[in-house]
Amino acid sequence: MPPAAGPAGGTGAQYADRPWLDPDAAPFIRIQGVSKRFGAFTAVGSVDLDIYRGELFSLLGGSGCGKTTLLRMLAGFEIPSGGSITIDGADMTDVPAYRRPVNMMFQSYALFPHMNVESNVAYGLKRDGVAKAEIAKRVGDILEMVELRQFGKRKPHQLSGGQRQRVALARALVKQPKVLLLDEPLGALDKRLREQTQFELMKIQDQLGITFIVVTHDQEEAMTLSTRIAVMDAGNIIQVGEPSEVYERPKTRKIANFIGTINTFEGNIAAGGKGGWHLACPRVREPLRAPKDADIKDGQKALLAIRPEKITMSKSKPGDDKLQSLRGEVLELAYMGNLSIYRVRVDGGQVVQVTAPNLQRIDRNKIDWEDRVYLSWRPENSLILRD
Ligand code: ATP
């Protein structure tokens, strides 16, 4: 990724890979108060978002939350009802789609079935009147990059799904846009191919340094690909952050559940020993220790959350008294190959999900259905969430 240039022309070297942390870095794309209404229906509320040069930024959210509409407004296919979009310092309000420094790769790829790979990729350049020799060179270079050079003479139906996806990517990239917008780019691929293609996409993006904005409803895909993720819900952005931040520090229960799985305990805060706070949860016999950094008050209702992989399960009592420890009984277990998922009913009635890696092929101390177990975790790994 190229270093971000600040407004004064300097480069924040220590922020080279994470310009969003640099208070002096100028965003490459600035979305301010952008909304979109279709008649009486608000598809996008009022979105403010800064995206930096060279980012691989994901818009993540459930069906109908407004991701594609926001992407289409960036492309110029939809006119915002309000607000402004600036790309590389230029206001896009009156700039038509074909004159914007962006290109869009559609979910369906929209390849021309009667044209071979080379002609599909060359199409936009031909239309723009680029010289023949220049077209040949640029098409050759980009096909090399997406590793499709030997397939140049094939028609789309003679390619696999993953190869078709790469043709569409080559066609979008050959015009050297400053920004590439990708709507569910890997949606048509099966799981294995999708994982492989995610890495190819990241590699290509890194080589070219083009800013990518990806729309996806797949949280794993967003986590793998992105420099940052904006989580959308009902037309609004509800959290923006690096993947680890959104996963480890989700702001609300909804975000926490959308990105992975999380156990939540509802109850009231009370003062615990040693100046810490506890959560008294009616469905858990023991008081639950709140993390030290939590912003909470005595008596307040609260939601304490812990990810399943942060919980350790054992048959014997954990020795460390700094740990939160609960007793319970294994209700269900699912073997997933690399890990197992357990559902444990803790004393008091709440069911807690735990995931544990399967480290040994044959595990004689294996925990089974109906076993009495201890669940333990470090209180600092739990979170207090907003509902
Ligand atoms: P998905 O993941 O299902 O594609 P999305 O988050 O991309 O969803 P959008 O396509 O942006 O969602 O649509 C947001 C909302 O706006 C939806 O409720 C949709 O029905 C509505 N909508 C989109 N385009 C139009 C339109 N042209 N006229 C009326 N409503 C529309």
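Student: How many bridges join β11 to strand β14?

Tutor: Happy to start there. This is a predicted model, and in it β11 and strand β14 (residues 301–306) run antiparallel and are joined by 6 bridges. For one rung of that ladder, take Thr-264, whose bridge partner in β14 is Ala-305.

Student: What joins β11 to strand β12?

Tutor: Here you will find 4 bridges, between β11 (residues 263–271) and β12 (residues 277–280), and the two strands run antiparallel. Two pairs are worth finding on screen. Ala-270 stands opposite His-278 in β12, and Ile-269 has Leu-279 of β12 as its bridge partner.

Student: In which order do the strands of that sheet come?

Tutor: The order is β13-β12-β11-β14-β20, which makes 5 strands in an open sheet with antiparallel pairing. Its edge strands, β13 (288–289) and β20 (383–385), each pair on one side only.

Student: Which strands stand at the edges of the sheet with the order β2-β1-β4-β5?

Tutor: That sheet is open too, with 4 strands and antiparallel pairing. β2 (41–51) and β5 (90–91) each have a single partner strand, so one side of each is left without a neighbour in the sheet. Let me show you the β5 end. Strand β4 (residues 82–87) pairs with β5 in the antiparallel sense over 2 bridges, and Ile-87 stands opposite Ala-90 in β5.

Student: Which strands does helix α1 lie across?

Tutor: Helix α1 (residues 67–75) lies across β1 (29–38), β2 and β4. Relative to β1, the helix runs at about 120°.

Student: Let's move on to empty space. What does rolling a probe over the atoms show?

Tutor: Rolling a probe the size of a water molecule over the atoms shows where empty space is left. In this structure the largest pocket has a volume of about 710 Å³. It is lined by 27 residues, and those closest to its centre are Val-102, Asn-103, Met-104, Arg-127 and Lys-175.

Student: Which elements supply at least two residues each to the lining of the largest pocket?

Tutor: They are β6 (102–105), α2 (117–127) and α4 (161–173). The one that gives the most is α2, with 5 residues. If you sort the lining by class, you get 17 nonpolar, 4 polar and 6 charged residues.

Student: And how many cavities of 30 Å³ or more does the structure hold?

Tutor: There is 1 cavity of 30 Å³ or more, and the volume of the largest cavity is about 40 Å³. Its lining consists of Met-145, Val-146, Glu-147, Arg-166, Glu-200, Lys-203 and Ile-204. Helix α5 (residues 191–208) gives the most to that lining, with 3 residues.

Student: What is the lining of the largest cavity by class?

Tutor: It has 3 nonpolar and 4 charged residues, with no polar ones. You can set that beside the largest pocket, whose lining has 17 nonpolar, 4 polar and 6 charged residues.

Student: Last topic, the domains. Which residues does the domain assignment give to each domain?

Tutor: The domain assignment of the protein chain gives 12–101 + 177–257 as domain 1 and 261–379 as domain 2. Note that domain 1 is written as two stretches.

Student: What separation do the centres of the domains have, and how many residues are in contact?

Tutor: Taken over C-alpha atoms, the centres of domain 1 and domain 2 are separated by 35 Å. As for contacts, 8 residues of domain 1 meet 9 residues of domain 2.

Terms used:
Residues numbered from 1 in each chain as written. Predicted model: local features only at pLDDT ≥ 70, side-chain atom pairs only at ≥ 80, totals over all residues. Heavy atoms only, no water. Pairing = 2+ DSSP bridges. Contact = heavy atoms within 4.5 Å. Axes fitted to C-alpha atoms, helices over the stretch in contact; angles between N-to-C directions. 1 Å grid on protein atoms, 1.4 Å probe; cavity = no way out; pocket = protein on both sides within 12 Å on 5 of 7 lines; lining within 4 Å. Points joined across faces, edges and corners; volume = space filled by probe spheres on them. Nonpolar A, V, L, I, M, F, W, Y, C, P; charged D, E, K, R; others polar. Domains from an automatic or database assignment.
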